[in-house]
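I sat down with this entry to look up how the chain is put together, working from the overall layout down to single strands and contacts. My notes are kept in the order in which I looked.

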Amino acid sequence: MKVTRRDLLVWSAGAAAGLMVTPVPWKVLDDVSIWSQNWPWIPQPPRGPVEVKQSSCTLCPNGCGLRVRMVGGWPVGVAGVASHPVSRGALCPLGFGAHQLNWHPQRLRAVRHRGNTSTWGEAHAAFAKACSEGPVVVIDGWPGRAASQVLENFAKSRRGEYRVVLSPETRALLPYERWSGAPATSLGYDLENAQTIVSFGAPLLDGWGAPGRFTRLWAERAAGMTDPQLRLIQIDATLSRTAARAWRWAPVRAGAEAALAAGVARVLLEEHLVASRGPMPHTTSAEAADQTGLTADAIRDLARTIVARGPVVALANDDNPAIAALNVVLGAVGTRGGVVRRSKTAKSYVAADAEIRSARAVLINSSVPWDFVPRTDAEVFRFAAWDGGSSKADWLLPAPGFLEELTDVPAAPAMATETYAVAQPLAKAPHEVRSAAQFLAGIDASLPTAEKIIRARCQDLFHGRAGTLCAQDQTPVSKVASAQKLEEQLWNGAVWVGEPFRAESFRCELKEWPTVAASVPSQNWLSSWSAPILPPLASKVFQESDLRERPEGRIA
Amino acid sequence: MRRSVLVFGLGLAVALLAGWVAFPRALYVQRQQPLEFRHKTHAEKSGLADCNECHAVRDDGTFAGIPAMDKCAGCHSERIGESKAEATLVNDYIKPGHETPWLVYSQQPPNVWFSHAIHLKRAGLNCTDCHADYGDSDQMKVCEVNRISGYSRDIWGHSISRVHRAPHDGMKMSDCEDCHQQRHVEVGCLGCHQ
């Protein structure tokens, strides 16, 4: 029998029809779709035992509590710790995607000297030479840690200077430092006991301080209530996310916050609405109204509303002395629910913004935000885990990334109580990275290691016998068996919390109303972020939040 | 006309035969486990009758999965029997400190988040509801690995048509959805794909 072309076509048609009623096309489609999700070049977490470890976030000085999901010894997921005394289960979008950062394409993996690949040996030799030729300035972005102490000791031993880039929350406390002598890093806001909070542009519900601190407080005492237990009055030029959720929004012209603070203070003093006697501002209500865009009556109403339910505290977005002066007038300095001094041991630091004139070299730690540029002609050695492109640094030195080094976490900026935690290294650092403290130890072998300092601090906490150790349960330090036990618990994610606020001798001497009105820069959860990159997760959130178009007509 | 019907039928029959008989056999490659392991022996002789003895849900809710070698080393630090598998276990894995590269029958893709703790403790499921009665097996079954996707046949289920299957045969997303639907448990996409 001869097979014709027609037979072949008919046979193929029969086979095609038959295949449609077999699992072949559907199963192959399913398998190919799964295969396409698992191409070998797509990074996959290793297979291995799944564990959950508790630690603290090290991306900014707020040190939020983390539950890190580990697979085969690698972090693959991050979540908040509900029992954490500072963050109370919340994290910013950066924190949620932090485990992705170490794999970012812009991760620094080699030493670079003016754009060219170099070696640690050459960087070491260049820095040692610079140290022998003149003083060195060391700039840190997160003071108070064990590693910071190493940097500070090194700068002092070389007749250099240790400078600090303060967080926006701490910068807002600088006026009190000038008027009281108490370091800004030792001060905080007792928000937990305040009943009225007047925020002059501080994004309290959008990344101010530790994300969970105020948001939880607001959720418990204000959200959805027409007469909330916690009154949030937001002074903002635009209907920001915080303003939209606040109990009252006072729309003022951008940059007129100082004028409004002066106007409110004048009403408070003229109408004897406050017991304390602060300096009388020169700005009258009419002048304040002219500058802010509010009416004089609205300013008077605002002043009366502010003091209607105390304790009351005013918060600034940055170093604005007029808002600090308003707190002095309100009697909110050194009192419950106001600006309090939480520590007697914290130090004052030289701000890094000032020009550096006589240094031979400047070393910038990786905790300094990437957009910080030192005003200097000296040779700049910059540690960074991620490369953000243009930088004035002569040397770019690859630093450990997220949870790749041991660090301790002192109290978050603007907290009312002291806290202390330890973030153990959960991820294995690439062999080519070094921290600034390790680098300096190569120059000066007498420097203590961060681990040694952390151990000493744990011993101090144990011997102090004060405060509580917060893990799943709360244990008074007086009941912890040994310093070693305390250190062990801190390594496992517990947080030491100091004694609650007590009225202490913290007073501000203010004879004249300050005249300098600082500008109020925009600020959100990215403000303290030191690196120039975002994890994919945060990019998505970022796209859906800050980049969206501003609604028309909402600008005051 | 009659000839065309015959040829068409022949093509149809060949395709049906290839699709239903040859294709499932060709799709999966059979792989043996690196060691001979008997669940039944461990359950009867070692008192490890409860799955949780080795495949434990930890206090923090994470699942230990296949136990690490240190668990085996608790009893097998030295050879217990004379079998070849025992010698391999002790000499090739326990003494050098190497983990056994077990082939996993129920391995899910990395984009799936699954909590054993929730299913066991909150939903009250038994291990056998999803994993069949492995605890009584006297021999590890051959692991059939899909040549395209790389996953075990246990994920799709042993019936290539996925009809008339045993309740524990198959761990596809649709199986999870069916079970959730039957129990009126709504989790949404992000419940499993976080």
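The entries below go from the whole chain to its domains, sheets, helices and chain contact.

**Entry 1, overall layout.** I noted before anything else that this is a predicted model. For chain A I counted 18 helices and 22 strands, and I found that its C-alpha atoms fill a box of roughly 115 × 60 × 55 Å along the principal axes. Of the 556 residues in chain A, 52% are buried. I also looked at contacts between residues at least 6 apart in the sequence of chain A, and 68% of these join residues at least 24 apart.

**Entry 2, domains.** Chain A is divided into domain 1, made of 112-165 + 357-497, and domain 2, which covers 169-342. I took the centres of domain 1 and domain 2 of chain A over C-alpha atoms and found 34 Å between them. Ten residues from domain 1 of chain A and twelve residues from domain 2 of chain A take part in the contact. On the domain 1 side of chain A, the residues that touch domain 2 are seven nonpolar, two polar and one charged.

**Entry 3, the eight-stranded sheet.** I traced an open sheet of eight strands in chain A in the order β5-β4-β17-β16-β15-β6-β7-β14, with mixed pairing. Its edges are β5 and β14 (350-351) of chain A, and because each has a single partner strand, one side of each is left without a neighbour in the sheet. At the β14 edge, β7(A) pairs with β14(A) in the parallel sense over two bridges, and A:Val164 has A:Ala351 as its bridge partner in β14(A).

I then looked at what packs on this sheet. Helix α5 (residues 120-133) of chain A touches β4 (112-113), β6, β15, β16 (379-384) and β17 (395-398) of chain A, and its direction makes about 125° with that of β17(A). Helix α6 (residues 146-157) of chain A touches β6 and β7 of chain A, with its direction at about 165° to that of β6(A).

**Entry 4, strand β6.** Is strand β6 of chain A enclosed by the rest of the structure or open to the outside? Five of the five residues of β6 (residues 136-140) of chain A are buried, so this strand is largely enclosed by the rest of the structure. A:Val136, A:Val138 and A:Asp140 point one way from β6(A), A:Val137 and A:Ile139 point the other way, and all are buried. On the pairing, β6(A) runs parallel to β15 (residues 361-364) of chain A with four bridges, where A:Ile139 is partnered by A:Ile364. Four bridges also join β6(A) to β7 (residues 161-164) of chain A, again in parallel, and here A:Val137 stands opposite A:Glu161.

**Entry 5, the β5 edge.** For contrast I turned to A:Asn116, which lies in strand β5 (residues 116-117) of chain A. It has 8 C-beta neighbours inside 10 Å and therefore counts as exposed. Its C-alpha atom is separated by 9.4 Å from that of A:Trp395, although the two residues are 279 apart along the chain.

**Entry 6, the five-stranded sheet.** A further open sheet in chain A has five strands in the order β18-β19-β22-β20-β21, with antiparallel pairing. I noted β18 (407-410) and β21 (474-476) of chain A as its edge strands, each pairing on one side only, and a twist that averages 20° from one strand to the next. Three bridges join β20 (residues 468-470) of chain A to β21(A), which run antiparallel, and A:Cys470 is partnered there by A:Gln474. Helix α17 (residues 483-491) of chain A lies across β19 (419-423), β20 and β22 (495-497) of chain A, running at about 70° to β19(A).

**Entry 7, a helix pair.** The axes of α12 (residues 285-292) and α13 (residues 296-306) of chain A come within 8 Å and cross at roughly 105°, which means that α12(A) is roughly perpendicular to α13(A). The contact is made by A:Ser285, A:Ala286, A:Ala288 and A:Ala289 of α12(A) with A:Ala296, A:Ile299 and A:Arg300 of α13(A).

**Entry 8, chain A against chain B.** The contact takes 27 residues from chain A and 29 residues from chain B. Which element gives the most to the chain A side? It is α1(A), with ten residues. The elements of chain A giving two or more residues are α1 (5-20), α2 (24-37) and β1 (50-56). By class, the chain A side has 16 nonpolar, seven polar and four charged residues.

How values were computed
Residues are numbered from 1 along each chain as its sequence is written. Chains are lettered from A and ligands numbered from 1 in the order in which they are written. This is a predicted model: local features need pLDDT of at least 70, side-chain atom pairs count only at pLDDT 80 or more; totals for chains, interfaces and linings use all residues. Domain bounds come from an automatic or database domain assignment. Two residues are in contact if their C-beta atoms, placed from the backbone, lie within 7 Å. Ala, Val, Leu, Ile, Met, Phe, Trp, Tyr, Cys and Pro count as nonpolar, Asp, Glu, Lys and Arg as charged, and the others, Gly among them, as polar. Axes are lines fitted to C-alpha atoms, for helices over the stretch in contact, and angles run from 0 to 180 degrees between N-to-C directions. Angles under 35 degrees count as roughly parallel, over 145 as roughly antiparallel, 65 to 115 as roughly perpendicular and the rest as oblique. A residue is buried if 20 or more other C-beta atoms lie within 10 Å of its own, exposed if 12 or fewer, and partly exposed in between; C-beta atoms are placed from the backbone. Two strands pair if DSSP finds at least two bridges between them.
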